[in-house]
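Open the structure in your viewer and keep the sequence beside it. This tour goes from one selection to the next and says what is there.

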Amino acid sequence: MLPRARGEVSLPDSERTVPERMTRLPLSLALPGRLLAGRFLRAGALLAPLALLGGCGGGTPLTFDLAALPGQARAGGAARSIVVSEPVGLQPMEADRIIVREPGGSLSFLGGGQWADRLPRLIQTRVIQSLENTGRLRSVSRPGDKVPSDYQLVSEIREFDINSGTGEAVVDLSAKLIAEGSGRVVNARVFTARVPVPKVDPQSAAAGLDAALSQVLGDLVRWVNSGR
C-alpha cells in the first residue's frame with residue numbers, strides 16, 4: 001500500500017467514488033472491455049482469441065471478429081451503386097455482447113466473450129466488404145459517405161444468437177432493396193442460417209455464429225448481384 005501524502009484525507013470505502021471503488025457485477029452482466037483481443041477466422045480455419053490486457057480483478061472477456069466473404073471478382077459486373085445502411089434490431093442486438101436464447105424465449109448475455117464492435121456496425125462492415133469483394137458493383141458505401149447510389153440496402157437483425165434449446169447458432173436477417181429517389185421497395189427477402197454448436201461457450205458460440213453469418217452473406221451477395 002502506498003503511503004498517504006501529507007494532508008491527504010482518508011475516506012471510508014463507502015464514500016469512495018468510481019473508479020476508486022470498483023462495483024463488482026456477475027460476469028454475465030459485467031460491461032465488456034473495448035480493446036480488440038482476438039480474431040475469429042472463418043469457420044473451419046483457425047480460431048485465435050487472445051486475452052485482453054489484465055484489468056482490476058477477475059477474468060476479462062475474449063473479443064471475437066466476424067469475417068467477410070473472400071474476393072471472388074468476376075468480369076461483367078452490374079453498373080450499379082448501392083449504399084448499405086446499418087442494420088436495426090432489438091435492444092440486446094445493439095450491443096457488442098454474444099446473446100443466448102433460452103428455450104422459454106428469454107435472452108441473456110454469454111459471459112466471457114464479446115464482439116469486436118457493436119453487432120449492427122460489425123455486420124454492416126462485413127456486408128459492405130463482401131459486396132465489394134465480388135467486384136460486381138460500381139460502388140458500395142455507407143450513408144455517411146454521401147456517394148451517389150442507385151439502391152439502398154436496409155436490413156433488420158431478427159436473430160443473431162445461440163439457441164441453447166436446440167444447440168444451434170442462428171442468424172436471421174431480413175433485407176430490402178430500395179430505389180433511391182422514388183423510395184420504392186424493389187425487392188425484399190429473409191435470409192436464415194443455422195449451424196450446430198458443440199457447447200455454449202464463447203469460442204463455440206463465436207465460431208458457430210460466424211459460420212452461420214457466412215451462409216447468410218453468401219445468399220445476400222448473390223441476391224443483390226442478381227438484381228432481383
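Is G104 buried or exposed? The model is a predicted one, and in it G104 has a relative accessibility of 79%. The cut-off for exposed is over 50%, so G104 counts as exposed.

Select G104 and look at its surroundings in the chain. This glycine sits in the loop that links β6 (97-101) and β7 (107-115). Now add G165 to the selection. G104 and G165 are separated by 61 residues in sequence, while their C-alpha atoms are 8.8 Å apart in space.

Next, select β9, residues 151-163, together with β10, residues 168-179. The two strands pair in the antiparallel sense, over 12 bridges. To see one such pairing, pick Y151, whose bridge partner in β10 is A179. β9 and β10 form a hairpin, with 4 residues between them. In that turn, click on G167, which has a positive phi of about 70 degrees.

Keep β10 and add β11, residues 185-196. These strands also run antiparallel, and 11 bridges join them. Here the residue to pick is L173, with F191 as its bridge partner in β11. The hairpin of β10 and β11 has 5 residues between the strands. G181 in this hairpin takes a positive phi near 95 degrees.

Last, select β10 alone and show the rest as a surface. How many of the 12 residues of β10 are buried? The count is 11, so the strand is largely enclosed by the rest of the structure.

Conventions
Residues are numbered from 1 along each chain as its sequence is written. This is a predicted model: local features need pLDDT of at least 70, side-chain atom pairs count only at pLDDT 80 or more; totals for chains, interfaces and linings use all residues. Side-chain values use heavy atoms; hydrogens and water are left out. Buried means under 20% relative accessible area, exposed over 50%, partly exposed in between (1.4 Å probe, protein chains only). Two strands pair if DSSP finds at least two bridges between them.
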